[in-house]
Amino acid sequence: MLHASKIIKNPKDILSKIKNGSTILCGGFGLCGIPENSINYLRELGVKDLTIVSNNAGINDWGLGILLQSKQIKRMISSYVGENAEFERQYLNGELELELVPQGTLAEKCRAGGHGIPAFYTATGYGTLVQTGGFPIKYKLGGKVPEILSEAKPTKQFSGRNYVLEESIFGDYALIKAHKADTKGNLVFNYTARNFNQDMVQAARTTIVEVEEIVEAGTLRPDEIHVPGVYVDYVYQPDKFYKKFEKITYNEPVTNSKKDTVKRDKIIKRAAQEVKNGMYVNLGIGIPTLLPQFIDPSIKIELQSENGVLGLGPYPNRGQENPDLINAGKETITLIPGSSIFSSSQSFGIIRGGHLDLTILGAMQVARNGDIANWIIPGKLVKGMGGAMDLVSSGSKVMVVMEHTAKGAHKILEQCSLPKTGEQVVDMLVTELAVFQKLDGELRLIEVAKESSLEEVRQATGFQFKVVDNLGQF
């Protein structure tokens with residue numbers, strides 16, 4: 001409904017109308033772009049049994065983490081648990097319901113919900129627990145025994161490819177953070193604080209936005225507005241923002257153990273040889289983030305981060321860090337000339353649409369046929385799939401970089417024993433001992449490290465692999 005002004009002075013008057021059991025969409029990515037003041041008000045108001053839709057749940061003592069601490073959340077619908085130990089503890093102990101959704105699917109669920117689209121098909125998650133069902137949404141109190149399991153989802157083939165039917169999301173309330181608003185509710189975001197905010201602002205019956213600055217209607221140019229005011233019900237400007245950093249990372253040498261450094265450098269140096277001039281590349285967290293320092297300076301590529309950036313630069317120097325400018329690993333970043341920033345749904349549109357040339361990510365396990373597992377150890381470790389399921393199902397080349405074994409245990413197996421992230425999606429695997437490439441539907445050994453031997457690779461690998469005729473070294 002059109003109001004003369006959408007500006008409110010006391011947000012508690014509106015937030016106090018939120019009832020127990022409501023479904024709330026909460027913008028942000030990590031701690032970047034979260035509606036921190038609205039979350040704090042919810043904590044004070046004590047509303048409970050909430051279903052929260054958010055990419056993740058902040059950290060233990062900030063963001064949505066404080067609502068977990070106060071036991072106000074009944075169910076989380078998220079893509080990533082990450083480093084929030086209380087989030088993981090409550091779920092594994094049977095105190096919290098959890099629907100894990102691939103990050104791109106989650107963004108599209110919100111975008112589609114706001115656009116009146118009840119459901120859509122996506123290749124993401126086909127053949128995994130996301131599609132087949134059986135993921136424990138809730139354990140009985142004390143953990144170990146599942147109480148609620150996810151259901152199987154309908155599938156359909158288009159042009160010979162399998163797709164999963166996903167239902168859209170439309171909530172009771174959306175809590176959004178923007179940089180600037182005018183009195184008509186038009187919004188502008190700041191750098192990567194746009195993320196899920198732009199998608200979620202559309203997908204609720206009532207939208208409440210906290211902003212850093214309010215201007216009169218007409219001050220913003222029409223073409224600089226990211227969200228038109230038709231989606232916005234209420235806007236307020238808090239007295240202050242804390243805007244905490246989750247991971248301040250500087251453009252400085254990192255001190256690791258010498259053994260770890262040698263292994264990781266060996267892996268990523270070899271992986272860098274696969275990067276060609278002009279590629280658009282997505283890098284997962286961990287070892288893949290080391291890639292830029294090992295690329296030949298003559299090779300120019302564009303790095304994409306799934307939280308909504310194309311054209312990542314190096315980490316900032318001290319004093320340049322900006323809490324509104326992070327990568328998918330929540331690390332502080334800079335941008336290169338010609339970079340662009342967009343919403344989470346558009347970011348995954350780039351990924352899902354096959355517009356990237358190469359994805360490099362880590363894994364817990366890889367199978368002979370190219371299956372990959374990297375998001376959960378049932379009953380023990382729940383990190384979530386984040387954007388990995390979307391990335392490996394995108395159709396772009398997928399390269400896994402990882403250490404060959406884990407404390408002596410095989411990670412390269414006949415079949416993955418952990419829940420899969422994707423089926424038959426790995427094109428190349430690089431470890432400190434060897435390089436495998438998928439040929440005729442299975443991983444074959446194409447190179448052995450100079451410091452290693454064929455026999456060592458055989459002993460460290462959990463299946464009897466084939467070796468190409470012209471075995472190389474690296």
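This section describes helix packing, residue burial and backbone geometry in a predicted model.

The contact between helix 5 (residues 103-114) and helix 9 (residues 344-352) is considered first. The two helices pack with their axes 8 Å apart, at an angle of about 125 degrees. Because an angle between 115 and 145 degrees falls outside the parallel, perpendicular and antiparallel ranges, helix 5 is oblique to helix 9. The crossing of helix 5 past helix 9 is left-handed. On the side of helix 5, the contact is formed by Q103, G104, T105, A107, E108 and R111, and these residues meet S344, S345, F348 and R352 of helix 9. By residue class, this contact of helix 5 with helix 9 comprises five polar, three charged and two nonpolar residues.

The surroundings of helix 9 extend to other elements. Its buried residues are S344, S345, S347, F348, I350 and I351. Of these, S344, S345 and F348 also appear in the contact with helix 5. The elements that cover the buried residues of helix 9 include helix 5 and helix 7, together with strand 15 (302-305) and helix 10 (388-392). Just after helix 9, the backbone at G354 adopts a positive phi of about 75 degrees.

Helix 8 (residues 258-272) consists of 15 residues. From its first C-alpha to its last, helix 8 reaches 21 Å, close to the 21 Å expected at 1.5 Å a residue. The buried residues of helix 8 are K266, I267, I268, R270, A271 and A272. Among the elements covering these buried residues are strand 23 (397-401), strand 27 (428-430), strand 28 (434-439) and strand 29 (442-448).

Individual buried positions were also examined. S38 belongs to helix 2 (residues 36-45) and has a relative accessible area of 0%, so S38 is buried. Beyond its neighbours within four places in sequence, S38 is in contact with L15, L175, E210 and Y236. A203, in contrast to S38, is placed in a loop, namely the one between helix 7 (197-200) and strand 12 (204-215). A203 likewise counts as buried, with a relative accessibility of 0%. When residues up to four places away in sequence are not counted, A203 touches L25, C110, G114, I169, F170 and G171. Of these partners, C110 and G114 fall within the residue range of helix 5. The C-alpha atoms of A203 and A85 are 29 Å apart in space, and the two residues are 118 residues apart in sequence.

An exposed position is provided by P297, located in the loop between strand 14 (280-283) and strand 15. P297 counts as exposed because its relative accessibility is 66%. The separation of P297 from G58 is 239 residues in sequence and 37 Å in space, C-alpha to C-alpha.

Backbone torsions at two lysines complete the description. Most residues other than glycine have a negative phi. K243, although not a glycine, has a positive phi of about 45 degrees, and K243 is situated in the loop between strand 13 (234-236) and helix 8. K330, also not a glycine, has a positive phi of about 70 degrees. The loop that contains K330 runs between strand 16 (309-312) and strand 17 (335-341). With a relative accessibility of 5%, K330 counts as buried.

How values were computed: Residues numbered from 1 in each chain as written. Predicted model: local features only at pLDDT ≥ 70, side-chain atom pairs only at ≥ 80, totals over all residues. Heavy atoms only, no water. Axes fitted to C-alpha atoms, helices over the stretch in contact; angles between N-to-C directions. Helix = DSSP H or I, 4+ residues; strand = E, 2+ residues; numbered from the N terminus. Parallel < 35°, antiparallel > 145°, perpendicular 65-115°, else oblique. Left-handed = near helix turned anticlockwise from the far one by under 90°. Contact = heavy atoms within 4.5 Å. Nonpolar A, V, L, I, M, F, W, Y, C, P; charged D, E, K, R; others polar. Expected span 1.5 Å × (residues − 1). Buried < 20%, exposed > 50% of the residue type's maximum accessible area, 1.4 Å probe, protein only.
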